[in-house]
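Have the sequence and the coordinates open side by side while reading. The text goes from the whole chain to its sheet, and then to the helices and loops around it.

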Amino acid sequence: MPQGEGAHRVADRDSLVDLTQALSRAGAVWSIDWRALSRCALALRVAPHAVPFEEASADFILQEAQHLLATAKEHGVVCTELQLDFDCAEKKLAGYRPLVERLRTAIQPMPLVITTLPVWLDEPEFPALIAAADRYVLQVHSVQPVKPGAQVAICDPERARRSV
């Protein structure tokens, strides 16, 4: 797998995919213009994956997070936090928590923020999951299926209010 600037990988259920290579095959170019940044929060998106994470996948995610933070630092970018974005099934939150705990330890003292979904709020494992991170962000946006030709909204304000 190629290593280098812009070589960001995604862990998925079947394999560890080099995202840069996959996008290059699709004719796209993926890179980060570090010169355009001076201060930012970095986000690491984890593709759909079986939970709990097997050790190799968890190790890979931790290494990617550390690599991303180190690369930003090498380029003089001040990172304020690392955000972990993973859409875990609500009944699998207990299996997701060990990854959050390991990542939190691996990137200290950088704050770890996890994205959460409204359907997680009433789950018994939710308090333990958010306690494993420094903060969480409730994602209240989504694209709902619509009829052809209908207007699409990224966020339904009324639905978002009900979630919080």
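What follows is a walk through a predicted model.

Begin with the chain as a whole. The protein chain has 164 residues, of which 36% are buried. Its accessible surface comes to about 9,700 Å², and carbon and sulfur atoms account for 54% of that area. Five helices and six strands are found in the chain. Read from the N terminus, the elements follow one another as β-β-α-β-α-β-α-β-α-β-α. Among contacts with a separation of 6 or more, 65% are between residues 24 or more positions apart.

Next, the sheet. Four strands form an open sheet in the order β3-β4-β5-β6, and their pairing is parallel. The edges are taken by β3 (39-45) and β6 (135-138); each has a single partner strand, so one side of each has no neighbour in the sheet. On average, neighbouring strands here are turned by 30 degrees against each other, direction ignored.

Within this sheet, look at the pairing of β4 with β5. Strand β4 covers residues 78-85 and runs parallel to β5, with three bridges joining the two. Leu-82 stands opposite Leu-112 of β5, and Leu-84 has Ile-114 in β5 as its bridge partner.

Strand β5 spans 112-116. How many of the residues of β5 are buried? The count is five of five, so the strand is largely enclosed by the rest of the structure. Burial here means a relative accessible area under 20%. The side chains of β5 go two ways: Leu-112, Ile-114 and Thr-116 point one way, Val-113 and Thr-115 point the other way, and all are buried. Two of these residues, Leu-112 and Ile-114, are the ones already met opposite Leu-82 and Leu-84.

Now turn to the helices. Helix α2 lies across β3 and β4, and its direction makes an angle of about 160 degrees with β3. Helix α2 (residues 55-74) also packs against helix α3 (residues 93-107), at an angle of about 35 degrees and with the axes 10 Å apart. The crossing of α2 past α3 is right-handed.

Which residues meet where α2 contacts α3? From α2 come Glu-55, Ala-58, Asp-59, Ile-61, Leu-62, Ala-65, Gln-66 and Leu-69; from α3 come Leu-99, Arg-102, Leu-103, Ala-106 and Ile-107. By type, this contact consists of nine nonpolar residues, one polar and three charged.

Two loops remain to be looked at. One of them connects α3 to β5, and Pro-109 is found in it. The peptide bond from Gln-108 to Pro-109 is cis, with omega near 10 degrees. As background, most peptide bonds are trans.

The other loop runs between α1 (19-25) and β3, and Leu-37 is found there. Is Leu-37 buried, partly exposed or exposed? Its relative accessibility is 31%, so Leu-37 counts as partly exposed. In sequence, Leu-37 and His-75 are 38 residues apart, while their C-alpha atoms are 9.0 Å apart in space.

To retrace the path in the model, start at the parallel sheet β3-β4-β5-β6 and find the buried residues of β5. From there, go to α2 lying across β3 and β4, and then to α3, against which α2 packs.

Conventions:
Residues are numbered from 1 along each chain as its sequence is written. This is a predicted model: local features need pLDDT of at least 70, side-chain atom pairs count only at pLDDT 80 or more; totals for chains, interfaces and linings use all residues. Side-chain values use heavy atoms; hydrogens and water are left out. Axes are lines fitted to C-alpha atoms, for helices over the stretch in contact, and angles run from 0 to 180 degrees between N-to-C directions. A crossing is left-handed if the near helix is turned anticlockwise from the far one by less than a right angle, and right-handed if clockwise. Contact means heavy atoms within 4.5 Å. Ala, Val, Leu, Ile, Met, Phe, Trp, Tyr, Cys and Pro count as nonpolar, Asp, Glu, Lys and Arg as charged, and the others, Gly among them, as polar. Buried means under 20% relative accessible area, exposed over 50%, partly exposed in between (1.4 Å probe, protein chains only). Accessible areas come from the Shrake-Rupley method with a 1.4 Å probe; for residues, only the protein chains shown count as cover. Two strands pair if DSSP finds at least two bridges between them.
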